[in-house]
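Here is a quick tour of a few spots worth a look. Have the viewer open and click along as you read.

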Amino acid sequence: MSSGYLMFFSLYGFLDSHAYISVKKMGELDSKPFQAATKRFVDEAAQEKSTANRATDGQVTTKRKYHEGETTDDRAVELCSLWENYVRDPSWHPFKVICMEGDHKEMIDEEDVKLKTLKEELGDEAYEAVTTALIELNDYNPSGRYPVHELWNFKEEK
C-alpha cells in the first residue's frame with residue numbers, strides 16, 4: 001500500500017469516528033442563524049400582517065416580501081448564499097487596523113454598512129456567524145478568501 005492510500009484511509013477513518021476532533025472548513029458560513037432569522041421574519045409578518053419592501057438607492061437589505069409557496073428554508077438558503085458571496089468578495093474589507101501595545105491588529109469594523117444592516121435586519125446570531133467567518137478567512141486565508149480545511153477540536157472550540 002502506498003503512503004497516500006494509507007493517509008486517505010486513515011483520514012476518512014478519523015472523520016468517521018465519534019471523536020470531538022474533526023476537520024472544519026475555516027471561513028465557512030454557518031446557515032443555522034439564517035434559518036432562525038427567516039423563521040422570525042415569518043413570525044413577525046404573521047403578527048404584523050405586513051412585510052418590508054426592498055431597499056432602494058443601492059442599500060443592502062435582507063428583508064423582502066415572501067412569495068407564494070416559498071418556505072423559510074428556501075429564504076434561509078438564499079440569505080446564506082448572499083452573505084457567502086459578500087464574505088468571499090475580496091473587494092469588501094470590513095476590517096479596521098488598530099494599534100495595541102505597539103502591535104497592529106485587524107478587527108471587524110462595526111461601522112461597516114453591510115454589517116450594520118445585517119445586524120439590524122437578521123439579528124446578532126447572523127452577525128456573529130458572518131463576522132466569525134470573516135475573521136477565520138482573514139486568519140487562515142486572507143489572500144484567497146475561500147474556506148480552508150483545518151483539524152478542529154469541537155469540544156474546546158480550537
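## D139 in helix α5

Start with D139, which is found in helix α5, the run covering residues 124–140. Keep in mind that what you're looking at is a predicted model. D139 has a relative accessible area of 57%, and since anything over 50% is called exposed, D139 gets that label.

Now bring E106 into view as well. Along the chain, D139 and E106 are 33 residues apart, and in space their C-alpha atoms are separated by 9.8 Å.

## Salt bridges in helix α3

How many salt bridges does a search of the whole structure find? The count comes to four, and three of them are picked out in this report. As general background, side chains of opposite charge can pair when their charged atoms come close.

Two of these pairs sit in helix α3. Take R75 to begin with: helix α3 spans residues 72–88, and R75 lies within that stretch. The partner of R75 is E78, with the closest N and O atoms of the salt bridge 2.7 Å apart. The two side chains are also joined by a polar contact of 2.7 Å. Both residues belong to helix α3 and are three residues apart, or about one turn of the helix. Is R75 buried or exposed? R75 counts as buried because its relative accessibility is 4%, and the cut-off for that label is under 20%. E78 is partly exposed, at 36% relative accessibility.

The other pair in this helix is R88 with E84, whose side chains meet in a salt bridge of 3.1 Å, N to O. R88 and E84 are four residues apart in helix α3, again about one turn of the helix. Here the arginine, R88, is partly exposed at 36% relative accessibility, while the glutamate, E84, counts as buried at 14%. For the R75 pair, recall, it's the arginine that is buried and the glutamate that is partly exposed.

## The E111 and K116 pair

Moving along the chain, E111 forms a salt bridge with K116. The closest N and O atoms of this pair are 3.3 Å apart. E111 is exposed, with a relative accessible area of 55%. K116 comes in at 35% relative accessibility, so it counts as partly exposed.

## E101 in the β2–β3 loop

Which backbone angle of E101 is worth checking? Look at phi, which is near 50°, a positive value in a residue that isn't glycine. For context, most residues other than glycine have a negative phi.

As for where this happens, E101 is placed in the loop between β2 (95–100) and β3 (103–108). E101 is also exposed, with a relative accessible area of 83%.

## A nonpolar surface patch

Finally, switch to the surface view and find Y20, I21 and L151. These residues form a nonpolar patch on the surface. Together they have about 310 Å² of accessible area.

Where does I21 sit? I21 is in strand β1, which covers residues 21–26. I21 has a relative accessible area of 36% and is therefore partly exposed.

Note on methods: Residues are numbered from 1 along each chain as its sequence is written. This is a predicted model: local features need pLDDT of at least 70, side-chain atom pairs count only at pLDDT 80 or more; totals for chains, interfaces and linings use all residues. Side-chain values use heavy atoms; hydrogens and water are left out. Helices (H or I, at least four residues) and strands (E, at least two) are DSSP runs, numbered from the N terminus. Buried means under 20% relative accessible area, exposed over 50%, partly exposed in between (1.4 Å probe, protein chains only). A polar contact is a pair of N or O atoms within 3.5 Å; within protein, one must be able to donate a hydrogen and the other to accept it, and residues adjacent in sequence count only if both atoms are side-chain atoms. Patches are made of residues with over 30% relative accessible area and no salt bridge: like charges are joined within 9 Å, nonpolar side chains (Val, Leu, Ile, Met, Phe, Trp, Tyr) within 5 Å. Accessible areas come from the Shrake-Rupley method with a 1.4 Å probe; for residues, only the protein chains shown count as cover.
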